[in-house]
Amino acid sequence: MKKYIAHLSVIVLVMLGSCTNDFEKINVNPVAPVDVQPELLLRKVLFDYADQMSYEGFVAGNLLGQLFTAIDFNLFDRHSLTEAQYGGNPWLFLYENLRDNEILLTKSRSNPAYAVYEGPALIYKAYLTGVLTDLYGDVPYSQSLKGKEGNVTPVYDAQRDIYLGKDGIIENLTKAVNVISAYKGAQALQGDIIFGGNLSAWRKLANSLKFKYLMRLSAQENVAAELAKIYAGGDYIKLPSENAAYQFTASQPNNFRMSTARVGDFNLFIMSETVEEILTKLNDPRRQIFFRPTANNANVYKGLLNGPDASKLSISVGNYSFAGRIFREEAGKLKANFLTSFEVNFLMAEAAEKGFIAADAKQLYETGVTQAFEYWGATLLDTYLKTAPAAYKQNGANPLEQIITQKWLANIINGYEGWIEYRRTGFPKLKTISASLNQNLIPVRLPYPTTEDALNNANFRTAASKTNNNSVNSPVWWDK
């Protein structure tokens with residue numbers, strides 16, 4: 001018996017050796033790509049973010065920012081943010097896009113033929129990182145995206161270091177401007193679905209983003225000189241034609257995702273009471289673009305207080321306004337915006353009002369409003385900016401509240417942005433929600449996902465301890 005077992009062992013070993021020798025040949029698809037061209041990577045990361053964040057902004061960001069409310073399946077709207085339902089956990093796709101963008105950046109630096117991609121990749125790295133850290137606070141950064149090097153448990157970097165440290169947001173934007181300005185190659189930028197390969201437009205985006213992120217941390221750092229330098233240089237997004245935005249198509253596959261969602265899912269999201277009151281007070285014609293009149297009265301737009309307890313509240317949906325046709329039947333007109341001229345003008349109006357730059361805050365504000373109306377295809381009446389409450393500083397109006405409120409309204413497609421700016425400025429004044437699961441507090445950060453607890457436990461625990469056990473009520477660095 002032992003003899004037969006010995007012979008069998010030899011046969012198995014020979015077979016295993018043979019299998020091992022041929023393993024790669026047998027198990028590698030001979031027609032599958034082993035590398036990705038940089039233009040495909042660029043197109044992928046730009047569209048994927050536009051697709052996913054516009055959806056996230058609609059179903060989660062606009063709940064936190066109180067532009068929409070949800071009438072069912074709404075634990076997130078009640079501020080139980082660990083129970084994300086339709087959205088509310090952008091962590092995964094942000095890191096996936098950061099990973100793919102890092103591959104693009106590496107390619108641009110290792111192959112001279114791809115050098116044209118370095119500037120845009122640096123800008124996009126700064127952009128994605130800014131979104132990530134503004135939502136969560138301290139996050140894995142300096143050690144992240146190094147799985148091939150064996151580091152699958154990266155430490156969480158402090159938000160200040162992510163912004164201002166080596167290879168941080170501000171440094172990468174500065175590098176990008178220099179790289180693009182110095183580029184003399186003949187290779188064109190391919191795969192650019194935002195600017196069509198225009199490097200000058202990318203440079204304007206870099207300077208505009210730098211201005212935005214410096215304003216975001218301006219309560220913590222003295223950034224006036226840097227802001228003034230960008231403004232004086234004039235190389236930033238000023239006109240709607242320079243917007244960093246992606247135009248969705250009317251039909252799949254490059255459409256706004258909610259436009260083809262089940263009607264029952266789409267109709268869960270209705271006008272919030274907060275936005276109803278602000279649009280009514282402003283007598284703002286964008287109301288009929290962002291929302292529909294109620295089914296029961298075509299002359300009425302009606303919102304619901306955020307965070308209803310659907311199990312205890314009986315409402316007739318016919319009495320409330322659903323999201324507008326621009327998000328559904330007419331979604332071919334919709335753009336996913338990365339950064340627009342109206343937002344840059346509002347940022348500069350704020351900077352001028354605070355004395356960071358020598359500019360006419362009123363003119364910048366009015367330009368921002370005008371461009372925001374144009375962006376949404378709305379008619380701006382001559383009286384809108386001449387009468388309260390939209391008229392700048394008229395009747396004792398708070399100019400900062402006016403600026404931020406207008407930015408909040410115009411960024412309805414970029415919903416998290418309104419919530420982030422509310423956290424930074426306190427405007428617009430959001431409401432205590434109907435049935436809070438967060439002690440009647442408005443959250444000031446997203447919680448780290450539970451996957452981090454499972455996969456990166458030690459570093460997650462350290463980060464959680466700095467946020468009162470991963471509390472959504474623990475402000476990020478620039479908000480303290």
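This passage describes the overall fold of a predicted model and then three of its helical regions.

The chain contains 17 helices and six strands. Its radius of gyration is 25 Å. The globule rule gives 23 Å for 480 residues, so the chain is as compact as a globular protein of that length. The C-alpha trace spans about 100 × 60 × 45 Å along its principal axes. Of the 480 residues, 54% count as buried. Contacts between residues at least 6 apart in sequence were also examined. Of these, 74% join residues at least 24 apart.

Two helix pairs were analysed in turn. Packed helices are described by the angle between their axes and the distance between the axes. The first pair is helix H4 (residues 118-136) and helix H6 (residues 169-182). Their axes come within 8 Å and cross at roughly 160°. Angles over 145 degrees count as roughly antiparallel, and H4 and H6 are therefore roughly antiparallel to each other. Their crossing is left-handed. On the H4 side, the contact is made by Glu118, Gly119, Pro120, Leu122, Ile123, Lys125, Ala126, Thr129, Gly130 and Thr133. H6 contributes Ile169, Asn172, Leu173, Lys175, Ala176, Val179 and Ile180. By class, the residues of this contact comprise nine nonpolar, five polar and three charged.

The second pair is helix H12 (residues 341-353) and helix H13 (residues 361-375). The axes of H12 and H13 come within 8 Å, and the crossing angle is roughly 160°. H12 and H13 are therefore roughly antiparallel to each other. H12 passes H13 in a left-handed crossing. From H12, the contact involves Ser341, Phe342, Asn345, Phe346, Met348, Ala349, Ala352 and Glu353. From H13, it involves Ala361, Leu364, Tyr365, Thr367, Gly368, Val369, Gln371, Ala372 and Tyr375. The residues of the H12 contact with H13 divide into 11 nonpolar, five polar and one charged.

The remaining region is centred on helix H10 (residues 273-282). Six positions in this helix are listed as follows: Thr274, Val275, Glu276, Ile278, Leu279 and Leu282 are buried. The buried residues of H10 pack against strand S5 (269-271). They also pack against helix H11 (287-290) and helix H14 (399-410). Asn283 follows H10. The phi of Asn283 is positive, near 50°.

Definitions and conventions
Residues numbered from 1 in each chain as written. Predicted model: local features only at pLDDT ≥ 70, side-chain atom pairs only at ≥ 80, totals over all residues. Heavy atoms only, no water. Axes fitted to C-alpha atoms, helices over the stretch in contact; angles between N-to-C directions. Helix = DSSP H or I, 4+ residues; strand = E, 2+ residues; numbered from the N terminus. Parallel < 35°, antiparallel > 145°, perpendicular 65-115°, else oblique. Left-handed = near helix turned anticlockwise from the far one by under 90°. Contact = heavy atoms within 4.5 Å. Nonpolar A, V, L, I, M, F, W, Y, C, P; charged D, E, K, R; others polar. Rg over C-alpha atoms; globule rule 2.2 N^0.38 Å. Buried < 20%, exposed > 50% of the residue type's maximum accessible area, 1.4 Å probe, protein only.
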